[in-house]
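Biologist: Kindly guide me through this model, one question at a time.

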Amino acid sequence: MDWGDFFKKNFIAIDEQLRVIYEDNVHFDKDLPEFKTQGGVYIHSDRLTVTSPVLMWVKALDMILEKMKSSGFNFSQIRALSGAGQQHGSVYWKKGSSQILKNASSELPLHQSLKGCFSVSDSPIWMDSSTTSQCRELEKAVGGAQHLASVTGSRAYERFTGNQIAKIYSQNPEVYQQTERISLVSSFAASLFLGTYAPIDYSDGSGMNLLQIWEKTWSKSCLDACAPGLEERLGCPVPSHSVLGPISPYYSQRYGFSPDCKVVAFTGDNPASLAGMRLQEGDIAISLGTSDTLFLWIQEPTPALEGHILCNPVDSQTYMALLCFKNGSLMRERIRDDCASGSWDEFSKALSSTAAGNSGNLGFYFDVMEITPEAVGIHRFNRDNQKVSRFPKEVEIRALIEGQFMAKRIHAEKLGYKVCKTRILATGGASHNKKILQVLSDVFNAPVFTIDTANSACLGSAYRAIHGKAARSLLCARLTGGSHRSKRDFCSQYTWIRPENIIYIVIPNLVAASQPRDGVCKVLVLSREGWAPSHVELLHPWKNGAKVLVQPPGPVCDLGCKVGC
Ligand SMILES: Nc1ncnc2c1ncn2[C@@H]1O[C@H](COP(=O)(O)OP(=O)(O)O)[C@@H](O)[C@H]1O
Ligand SMILES: O=C(CO)[C@@H](O)[C@H](O)COP(=O)(O)O
């Protein structure tokens, strides 16, 4: 499930072969017009504050589940679920809400039970950039921007949750006092399914300017700089693959979910995309959604003043680097409307009718204050490097797309990424457009791949549900050849498995088991059907795309669309 996304809320169900068996969405503006959002959000009069009504997200869940029920979907077959939310956004639960959440009547849609539960009815979201003063204060309090980045993975950013919480605390201390719990959009959505407050996972937690990404605990000095009593309002962060518990009885009674259905920690949309795209080290993922993001899987990150380092949602020993560009699809839509009569087909034709390099014409297009880099306005330059006020329509369209992709390449290279034998994996709404992908391929001089469903965050959430559930089951393996005699030998073959995380390695007739240790809950899963290294990949199904036992629709290089090779 991809949740609280900018325009809509999506739902995907997959079977054990990871085939998509159900896909649907609710469109906030169209399906929930009573909230009067535009693109799912409210842009306030200062043009900096951007929020979404939290009850709209709850109502969207009611709506999508009702839609599934009327289509005859069999909820009892769902064994685990997980989800993703737009990153950084926050939800404020009023004192006493945990009881209401726990006891919600299955006779009523959830939004009716929860309507009095939020101390802030309009949640700040990732597009908000109204917290510059809180950012400067946080950096000052912890010893500077670079120090904050070294600890939390990012210098202070306006949309990051700690700064949003600091703003609410400083402007409305009484609202903050009435708040018993603060969730991210992702952990909020998980809470609705659990019937109790869900913890924040490490990966989405890294987008708050509050989590120490190395220790994976909250930073006391950051918490103290943002608001008092914050730790108890946030709860303890957990690994992204954690099974949080069974689904709340509300869903069994109202929709027929099995009471055994497990809720696996929800995460941010970009981390979920990393899982959905089965990114491998060396790949570069580019999401062309409302925001454009670029992300990489990395082992040894060096947090800098630009870009973000997040804990990796698939492998908690590693990291992901992320760059976020606010002027993504909305900027492309504006130029499409101005220069291509609102038609993507016409927009694509303009790209076909102009040559790579745009005859030296170049543009930077930032309708709203950009995140990477901090800049605003439209800036056009002709082949003689002279600033000009307009381009012919076709030239404008190519200048926009080339400019957007050149910025991605340059900023990725600034992060230390070498574009060399790179595979670019593209996702998000604009990855449907092959002409746009061709420009991406030209600019990076690299092949571009897509996956069957452009909603990789939603698909990744479904994969993560299996990941969480699989990592908890204990199956038996028939180990032939005897090459893995001890847990440590075994682990040294699979460097991403740490011995301390394994409770049992079960080998029939030998039953080599290590002592289960209190508080350690990861279990190695092996297949009943004999031994092969690939079976181990169940714990880590995305690392070696082609080797996994449960295989999404083919290894990436076989997938439908490949541009630029
Ligand atoms: N054929 C297309 N060409 C270019 N952009 C497209 C096309 N189809 C959809 N889009 C863009 O995709 C965007 C939505 O992307 P999506 O990934 O669903 O959003 P989000 O990031 O909110 O999840 C829309 O704003 C739209 O501009
Ligand atoms: O702020 C970021 C990442 O840091 C955004 O990427 C949000 O996570 C929302 O993305 P959309 O899916 O709505 O574009």
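Biologist: Which residue follows helix 2, and what is the sign of its phi?
Modeller: This is a predicted model, in which local features need pLDDT of at least 70, side-chain atom pairs count only at pLDDT 80 or more, and totals for chains, interfaces and linings use all residues. Residues are numbered from 1 along each chain as its sequence is written, chains are lettered from A and ligands numbered from 1 in the order in which they are written, and side-chain values use heavy atoms, with hydrogens and water left out. Helices (H or I, at least four residues) and strands (E, at least two) are DSSP runs, numbered from the N terminus. After helix 2 comes G72, with a phi near 85°, and the sign is positive.

Biologist: What length does helix 2 reach from its first C-alpha to its last?
Modeller: Helix 2 covers residues 54-70, 17 residues in total. The expected span is 1.5 Å times one less than the number of residues, here 24 Å. Close to that expectation, helix 2 reaches 25 Å.

Biologist: Which core is W57 of helix 2 part of?
Modeller: W57 is buried (under 20% relative accessible area with a 1.4 Å probe, protein chains only; exposed is over 50%, partly exposed in between). A nonpolar core is a set of buried Ala, Val, Leu, Ile, Met, Phe, Trp, Tyr and Cys residues joined through side-chain atoms within 4.5 Å. The largest such core has 68 residues, with L234 and F444 among those with the most contacts inside it. Apart from it lies the core that includes W57, I125, L192 and V263, of 52 residues.

Biologist: Which strands stand at the edges of the sheet 20-21-22?
Modeller: Two strands pair if DSSP finds at least two bridges between them; strand 20 and strand 21 (residues 377-381) have 5, in the antiparallel sense. The sheet is open, with 3 strands. Each edge strand has a single partner, so one side of each is left without a neighbour in the sheet: these are strand 20 (362-366) and strand 22 (387-388).

Biologist: Over which residues is the pLDDT below 50?
Modeller: pLDDT is the predictor's confidence in each residue, from 0 to 100. The chain has a mean of 81, and 78% of its residues reach 70 or more. The stretch below 50 has 188 contacts (heavy atoms within 4.5 Å) beyond near neighbours in sequence, and covers residues 472-565.
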